[in-house]
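The exercises below concern helix packing and burial. Work through each one with the structure open, then compare with the solution.

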Amino acid sequence: MPDEALDLSRLRPVLPSPLQPVEDECFARHGVTLLLKRDDLIHPDLPGNKWRKLAPNLRAAAGRTVLTFGGAYSNHLRATAAAGRLLGFPTVGVVRGDELARRPLNPSLARCAADGMRLHFVDRATYRAKTSPDVLEGLLGLFGECAVIPEGGSNALAAQGCTELGRELRGRGGTIAVACGTGGTLAGLAAGLGPGQRALGVPVLRGGFLDAAVRGLQREAFGGPAGRWSLDERFHFGGYARTPPELHAFADAFEERHGLPVERLYVAKLLYALTVLAGEGAFAPGSTVTAVVTGRP
């Protein structure tokens with residue numbers, strides 16, 4: 001594979017991503033300033049934390065086939081497939097749910113396939129065991145030598161890549177908030193922030209597993225705890241991909257006020273959480289809160 005294919009800079013990412021002030025009455029009435037860190041503008045095919053987490057993993061893969069994991073609507077699978085198309089390396093997506101192999105591909109998986117990703121469907125029990133040596137050995141037996149990236153792209157390299165997000169925000173507000181799926185972005189964000197800043201994670205899945213996941217990622221990436229961070233588990237709205245009418249109404253109103261399309265699975269839950277927290281007095285009058293916009297609709 002030609003060396004230039006590994007040069008991610010030729011994709012012209014927008015870095016540092018823009019920091020946008022937002023005049024929003026839901027925050028202003030409590031004396032709080034809201035900023036949006038527009039990571040969704042980094043790259044049209046690898047937006048937000050997908051760029052930050054994938055870039056170091058792709059450099060480490062050095063052009064080998066990349067094998068990774070995701071559900072039927074995984075943003076991570078779509079971003080990995082797009083990276084393979086743009087940079088010219090093969091990709092394999094291990095998809096949760098073997099019943100999907102007998103159905104027409106949904107738009108998300110169809111996009112992955114169109115970008116050249118080989119889709120491999122497994123039953124849910126196998127998927128749950130995807131990190132076990134037996135399952136990994138079986139996959140590598142099928143697809144040959146591959147660089148394996150975990151579900152959501154969250155590993156030590158991803159956390160290290162996300163420290164740059166924290167560095168870009170040093171001195172730009174006391175609380176930096178991000179929606180969390182697998183914890184890699186929060187782990188790196190917290191490590192990159194400056195003194196007096198803290199990272200707040202808003203999980204979009206139920207289960208209470210992220211505290212341990214973030215701690216584990218920080219041990220792997222940095223040798224131990226790094227930076228100040230916390231989680232607020234109240235705003236998953238029932239779990240991943242659960243977007244009840246209340247959430248849609250909130251996102252619609254935010255879009256109408258600011259002309260900003262709001263991604264529903266992660267960003268809407270983050271902005272909703274920050275609005276509630278501002279009303280609860282979680283942020284001191286005169287303080288600044290920054291919301292990381294990790295993706296687009």
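**Exercise 1.** Determine how the axes of helix H2 (residues 49-61) and helix H3 (residues 75-87) are arranged in this predicted model, and list the residues that make the contact.

*Solution.*
1. The two axes come within 11 Å and cross at roughly 50°.
2. An angle that is neither under 35 degrees, nor over 145, nor from 65 to 115 counts as oblique. H2 and H3 are therefore oblique to each other.
3. The crossing in which H2 passes H3 is right-handed.
4. On the H2 side, Lys50, Leu54 and Leu58 make the contact; on the H3 side, Asn75, His76, Ala79, Thr80, Ala83 and Leu87 do.
5. Sorted by class, the contact of H2 with H3 has five nonpolar, three polar and one charged residues.

**Exercise 2.** Is histidine 76 buried or exposed, and which residues surround it?

*Solution.*
1. Histidine 76 lies in helix H3.
2. Its relative accessible area is 3%. The cut-off for buried is under 20%, so histidine 76 is buried.
3. Outside its neighbours within four places in sequence, histidine 76 is in contact with Lys50, Leu54, Thr68, Phe69, Ile149, Pro150, Gly152 and Gly153.
4. With one of these, threonine 68, there is a polar contact between side chains, at 2.7 Å.
5. Lys50 and Leu54 also belong to the H2 side of the contact with H3.

**Exercise 3.** Describe the packing of H2 against helix H7 (residues 156-168).

*Solution.*
1. The axes of H2 and H7 are 7 Å apart, and the packing angle is about 135°.
2. This angle makes H2 oblique to H7.
3. H2 passes H7 in a right-handed crossing.
4. H2 contributes Arg52, Lys53, Pro56, Asn57 and Ala60, while H7 contributes Leu157, Ala158, Gly161, Cys162, Glu164, Leu165 and Glu168.
5. The contact of H2 with H7 divides into six nonpolar, two polar and four charged residues.

**Exercise 4.** How many residues of helix H8 (residues 184-192) are buried, and what do the buried residues of H8 pack against?

*Solution.*
1. The buried residues of H8 are Gly184, Thr185, Leu186, Ala187, Gly188, Leu189, Ala190 and Gly192.
2. That is eight of the nine residues of H8, so this helix is largely enclosed by the rest of the structure.
3. The helices they pack against include H2, H7 and helix H9 (210-222).
4. The strands include S7 (175-180), S8 (198-203) and S9 (229-231).

Methods:
Residues are numbered from 1 along each chain as its sequence is written. This is a predicted model: local features need pLDDT of at least 70, side-chain atom pairs count only at pLDDT 80 or more; totals for chains, interfaces and linings use all residues. Side-chain values use heavy atoms; hydrogens and water are left out. Axes are lines fitted to C-alpha atoms, for helices over the stretch in contact, and angles run from 0 to 180 degrees between N-to-C directions. Helices (H or I, at least four residues) and strands (E, at least two) are DSSP runs, numbered from the N terminus. A crossing is left-handed if the near helix is turned anticlockwise from the far one by less than a right angle, and right-handed if clockwise. Contact means heavy atoms within 4.5 Å. Ala, Val, Leu, Ile, Met, Phe, Trp, Tyr, Cys and Pro count as nonpolar, Asp, Glu, Lys and Arg as charged, and the others, Gly among them, as polar. Buried means under 20% relative accessible area, exposed over 50%, partly exposed in between (1.4 Å probe, protein chains only). A polar contact is a pair of N or O atoms within 3.5 Å; within protein, one must be able to donate a hydrogen and the other to accept it, and residues adjacent in sequence count only if both atoms are side-chain atoms.
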